Amino acid sequence: MDLSAPPAGQLPAHSLLQLIWLASPALPVGGFSYSEGLEAGVDRAGVATETIASDWLADQLHLSLARGDLAAIAQAIPAWRTGDLPRVRQLNDWVLQTRETSELRAQAEQMGRSLLDWLRNHDGANAAHIEACARMQPTYPVAFGLAASQTEADVRDCLLAYAFGWAENMVQAAIKSVPLGQSAGQRMLARLAHVIPAAVGSAMQLPDDERQAFSPMLAILSSQHETQYSRLFRS
């Protein structure tokens, strides 16, 4: 009896571990160095308590991440798996065009390049797809879609991993910038973990003409962050 084999219908252990790896804050893509406008919210928009910071991140999850990056990744994963490079390029162009500030665009590009570099040194990665992605000026959501497409996980599980990795980075940004204690951070993370499945479900149902990244106040704060005095984060 092979005790390493998963029960029928269950995600193989190596694919599960791959998703955990991709979601880890230790992944060398630089996610820890960005607050995605939260630091500017602390400075200019009154994000000064655990409750306000928790509300901020929950709103960002539903209004920005689910309607934008998660929805794009939901389409990118099957496109990578079928080798539909024109579709992948279309999604990557969309991510680039909808980043509303230089900081947000720089983040998407830097993390995309870093994840692609990681994939080049990772066993099992599709070399042809990596080089095709490199020629697209890759964004992080599309590069993540490529990395996740190498696993046997379904799209929903891949999106759950991405969203939880985002949540961990953002909670750490809140702990450092508000600032908050570790217990507060864990409560915030628990709240996000509770609502992430619904956000993922919503993202998977969005057609192209409903995908969006329209968050005007966040864009304004992000622009203000570019000249903010004494910053901890790059965005």
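Which element contributes the largest share of the lining of the largest cavity? In this predicted model, that share comes from H9, which supplies 6 residues. The structure holds 1 cavity of 30 Å³ or more, and the volume of the largest cavity is about 560 Å³. Its lining comprises 35 residues, of which Glu-36, Asp-69, Gln-107, Tyr-162 and Trp-166 are the closest to the centre. Two or more lining residues are given by each of helix H1 (13-23), H3, helix H6 (102-120), helix H8 (140-149), H9 and H11. By residue class, the lining of the largest cavity divides into 21 nonpolar, 10 polar and 4 charged residues.

Helix H3, one of the elements that contribute to this lining, spans residues 50-65. Its buried residues are Ala-53, Ser-54, Trp-56, Leu-57, Ala-58, Gln-60, Leu-61, Ser-64 and Leu-65. The cover over these buried positions of H3 includes helix H2 (38-44) and helix H4 (69-82), together with helix H9 (155-177), helix H10 (182-205) and helix H11 (216-225). H9 and H11 thus appear both in the cover of H3 and among the elements that line the largest cavity. With regard to helical geometry, an α-helix has 3.6 residues a turn, so residues three or four places apart point the same way.

The loop between H9 and H10 contains Pro-179. This proline is exposed, because its relative accessible area of 61% lies over the 50% cut-off. The C-alpha atom of Pro-179 is separated by 9.1 Å from that of Val-42, although the two residues are 137 residues apart along the chain. Val-42 falls within the range of helix H2 (38-44).

The cysteines were examined next. A search of the whole structure finds 0 disulfides. Cys-133 takes part in no disulfide, and the nearest cysteine sulfur, which belongs to Cys-158, is 15 Å away. Likewise, Cys-158 is in no disulfide, with the sulfur of Cys-133 as its nearest cysteine sulfur at 15 Å. A disulfide requires the two sulfur atoms to be within 2.5 Å, so this pair does not qualify. Cys-133 counts as buried because its relative accessibility is 0%. Cys-158 is also buried, its relative accessible area being 0%. Cys-158 lies within the range of helix H9 (155-177), the element that provides the largest share of the cavity lining.

Methods
Residues numbered from 1 in each chain as written. Predicted model: local features only at pLDDT ≥ 70, side-chain atom pairs only at ≥ 80, totals over all residues. Heavy atoms only, no water. Buried < 20%, exposed > 50% of the residue type's maximum accessible area, 1.4 Å probe, protein only. Helix = DSSP H or I, 4+ residues; strand = E, 2+ residues; numbered from the N terminus. Contact = heavy atoms within 4.5 Å. 1 Å grid on protein atoms, 1.4 Å probe; cavity = no way out; pocket = protein on both sides within 12 Å on 5 of 7 lines; lining within 4 Å. Points joined across faces, edges and corners; volume = space filled by probe spheres on them. Nonpolar A, V, L, I, M, F, W, Y, C, P; charged D, E, K, R; others polar.
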